[in-house]
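User: Please take a close look at one loop of this model and the residues in it. After that, place the loop in the context of the rest of the chain.

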Amino acid sequence: MKNAARCLHAFGAHNSVKVYPGATQPLLRSARYDPEIHGVGGLGGVEGLPSADDEAVRARMPSEAATVRALEGMATAIRETWKDGTGSKVTLVSSGPMTNVALFSCVYPELIPAIGMSAFHILRPSCKHHH
């Protein structure tokens with residue numbers, strides 16, 4: 001969550017774009033982390049991003065983030081932007097496992113028409129087999 005907020009700030013995303021904690025586990029199999037590929041901090045050695053403690057970065061993680069999860073945060077933001085078809089469509093960006101996107105499409109199918117564009121970076125299991 002902190003890395004997403006750091007990237008949003010560094011890329012100049014509008015301040016209204018917030019980050020909320022997502023699913024705590026994958027839908028079908030155990031979580032896998034590969035620090036060899038993504039680095040210990042999860043961004044694979046990316047440099048120049050603001051600190052997670054930077055005030056502007058922390059502002060992307062609203063205080064209610066402790067109780068508002070990704071699904072509810074996504075639904076609220078989409079409803080507020082879409083306004084039952086009288087507003088604008090949103091762009092959905094997922095830069096990790098697709099668990100939250102899958103859950104969102106099942107829990108809020110009525111909001112799918114509000115998504116105009118999607119950008120996904122799908123993480124796949126490492127090609128390297130560990131014995």
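Analyst: Lys 83 sits in the loop that links α4 to β1 (90-94). The model is predicted, and the backbone angles below are computed from it. The phi of Lys 83 is positive, near 50°, and the residue is not a glycine. Asp 84 belongs to the loop between α4 and β1 as well. Asp 84 also shows a positive phi, about 55°, without being a glycine. As a rule, residues other than glycine mostly have a negative phi. With a relative accessible area of 77%, Asp 84 is exposed, because exposed residues are those over 50%.

On the helix side of this loop, α4 covers residues 70-82, and Ala 77 lies in that helix. Ala 77 has a relative accessible area of 37%, so it is classed as partly exposed. The C-alpha atoms of Ala 77 and Val 90 are 8.9 Å apart in space, with their positions 13 residues apart in sequence. Val 90 falls at the start of β1, which spans 90-94.

A positive phi also turns up after another helix. Gly 12 follows α1, and its phi is positive, near 75°.

Helix α1 takes in residues 2-10, with Arg 6 among them. Ala 5, Arg 6 and Cys 7 are buried in α1. The cover over the buried residues of this helix includes α3 (55-58). Arg 6 is the charged case: although buried, it has no salt bridge, and Asp 54, the nearest side chain of opposite charge, is 9.2 Å away. A salt bridge would need a distance within 4 Å, so the separation from Asp 54 rules one out. What Arg 6 does have is a polar contact from its side chain to the side chain of Asn 3, at 3.1 Å. Beyond four places in sequence, the contacts of Arg 6 are Leu 43, Leu 49, Pro 50, Ser 51, Ala 52 and Val 57. Of these, Val 57 lies within α3 (55-58).

Further along the chain, helix α5 runs over residues 99-107 and contains Thr 99. Thr 99 is buried, because its relative accessibility is 13% and the limit for buried is under 20%. Leaving out residues up to four places away in sequence, Thr 99 touches Ala 23, Gln 25, Pro 26 and Leu 27.

The aromatic pairs come to a count of 1. Phe 104 and Tyr 108 make up this pair, with ring centres 5.4 Å apart and planes at 35°, a tilted arrangement. Phe 104 is buried at 2% relative accessibility. Tyr 108 is buried too, at 14% relative accessible area.

For the chain as a whole, the elements number 5 helices and 2 strands. Their order along the sequence is α-α-α-α-β-α-β, which places the loop described above between the fourth helix and the first strand. The protein chain has 131 residues, and 25% of them are buried. Among contacts between residues at least 6 apart in sequence, 79% join residues at least 24 apart. The exposed area of the chain is about 9300 Å², of which carbon and sulfur atoms supply 56%.

Definitions and conventions. Residues numbered from 1 in each chain as written. Predicted model: local features only at pLDDT ≥ 70, side-chain atom pairs only at ≥ 80, totals over all residues. Heavy atoms only, no water. Helix = DSSP H or I, 4+ residues; strand = E, 2+ residues; numbered from the N terminus. Buried < 20%, exposed > 50% of the residue type's maximum accessible area, 1.4 Å probe, protein only. Contact = heavy atoms within 4.5 Å. Areas by Shrake-Rupley, 256 points an atom, 1.4 Å probe, with all protein chains shown as cover. Lys, Arg positive; Asp, Glu negative; His and termini not counted. Polar contact = N/O pair within 3.5 Å; in protein donor to acceptor, adjacent residues only side chain to side chain. Phe/Tyr/Trp six-rings, centres within 6.5 Å; stacked < 30°, edge-to-face > 60°.
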